[in-house]
Amino acid sequence: MSLNYSHTGLPNSPLSFCYTDPEISVNSGQMFLWQKFDNSWYGVYGDHILKFSILGQDKEGTNEYDNVQFLSFPEFKNWERHVFRLDDDIKNILSGFGKDLILSKAIRMYPGLRVMRQEPQQCMISFACASNTNIAMIRRMLSNICKKFGDPVSIDGREFFTFPNADRLNKVTTNELLSCAVGYRVKAIKAVANAIASNNIDIDYLKRAKYNASKEELLKIYGIGNKISDCILLFSLDKLEAFPIDVWITRVLSLFYPWLLNENKKENDNKQRTLKTDEKLLYRYKYEILSENIRRYFGKYAGYAQQYLFYYIRQKESRKW
DNA sequence: GTACAGGCAGTAT
DNA sequence: ATACTGCCTGTA
């Protein structure tokens, strides 16, 4: 497989990678537990550690490499197909956005940006940690959780830790979790672990069910609201229409899709619209209605659009991850 | 010291 | 229904 690796990413990002044929890059937000050492990337997928290595020479600054090796511990055959969603018809998905100028631009800038598929239990716990904080903090919390409750795996002379499953996390004490610097999110983490461990929610069902039914189940869990459930649905439950709306997405909508927001204005608010006022708009607009309108506009692969827009606005604002 | 970071639940109106 | 508030932790 020909591979094209580059730091497409954000200037300060230690993360983000892409390769071509098919081209891939991924938002850091999707890869909390990935790290790069030398020419290899290592990532945690539940109780597996995944690895891929860039072998061979860079063809004179083209970032094209002729050989990439995918490994996993323990064995997880063809994990790259699963994790990078190589079965998605990316050409078809992206061509569907062709009429949208902003998306077209973002797609040209970040060719092959993908939605990554995460291990569902890990994904649910990860986003339970995501409220009111930033990516660096989430990475720290999750890394702490793995170190404390996961199993060590030694690879290439380095120690990695698997992600503890729900049964394990369901048994740990609140204080043990608090030592992972998760703060008040401990209640959400325990609620997720308990819901899975006690079969109150069934991940197979969540995968099978349609977006709305699946989301309804997730929203029953303490600490899992609209945005976080959409992340879980998109990144681990194969709901490609899920479109998580956070402050960054709100900004990009405000800048480039104001009509989507204005449709939902509660009253005709004559005040001048500014970024600041728009950022507060999730207080003033119903997430559900906004979400429906957005999914109607972007279509059944809205989640892919969300990733391009998120990546675009983050880079535009030069955010460090 | 203060503001703020990829939300959420609880409470008051 | 909608507005407002506090919240762990860490960094700028």
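1. A residue is called buried when its relative accessible area is under 20%. In this predicted model, 55% of the 321 residues of chain A count as buried.

2. Chain A contains 17 helices and 10 strands. Consider the contacts in chain A between residues with a separation of 6 or more: 64% of them are accounted for by residues 24 or more positions apart.

3. Helix α4, which covers residues 120–128, deserves attention for its surroundings. Because 8 of its 9 residues are buried, helix α4 is largely enclosed by the rest of the structure. The buried residues are P120, Q122, C123, M124, I125, S126, F127 and A128.

4. The start of α4 shows a particular polar contact. There, the backbone nitrogen of Q121 has a side-chain oxygen of E119 within 3.1 Å.

5. A second region to examine is the pair formed by helix α10 (residues 211–219) and helix α11 (residues 226–236). Their axes come within 10 Å and cross at roughly 125°. An angle that lies over 115 degrees but not over 145 counts as oblique, and α10 and α11 are therefore oblique to each other. The crossing in which α10 passes α11 is right-handed.

6. Which residues make the contact between α10 and α11? From α10 come Y211, S214, K215, L218 and L219, while α11 supplies N226, S229, D230, I232 and L233. By character, the residues of this contact comprise 5 nonpolar, 3 polar and 2 charged.

Notes
Residues are numbered from 1 along each chain as its sequence is written. Chains are lettered from A and ligands numbered from 1 in the order in which they are written. This is a predicted model: local features need pLDDT of at least 70, side-chain atom pairs count only at pLDDT 80 or more; totals for chains, interfaces and linings use all residues. Side-chain values use heavy atoms; hydrogens and water are left out. Buried means under 20% relative accessible area, exposed over 50%, partly exposed in between (1.4 Å probe, protein chains only). Helices (H or I, at least four residues) and strands (E, at least two) are DSSP runs, numbered from the N terminus. A polar contact is a pair of N or O atoms within 3.5 Å; within protein, one must be able to donate a hydrogen and the other to accept it, and residues adjacent in sequence count only if both atoms are side-chain atoms. Axes are lines fitted to C-alpha atoms, for helices over the stretch in contact, and angles run from 0 to 180 degrees between N-to-C directions. Angles under 35 degrees count as roughly parallel, over 145 as roughly antiparallel, 65 to 115 as roughly perpendicular and the rest as oblique. A crossing is left-handed if the near helix is turned anticlockwise from the far one by less than a right angle, and right-handed if clockwise. Contact means heavy atoms within 4.5 Å. Ala, Val, Leu, Ile, Met, Phe, Trp, Tyr, Cys and Pro count as nonpolar, Asp, Glu, Lys and Arg as charged, and the others, Gly among them, as polar.
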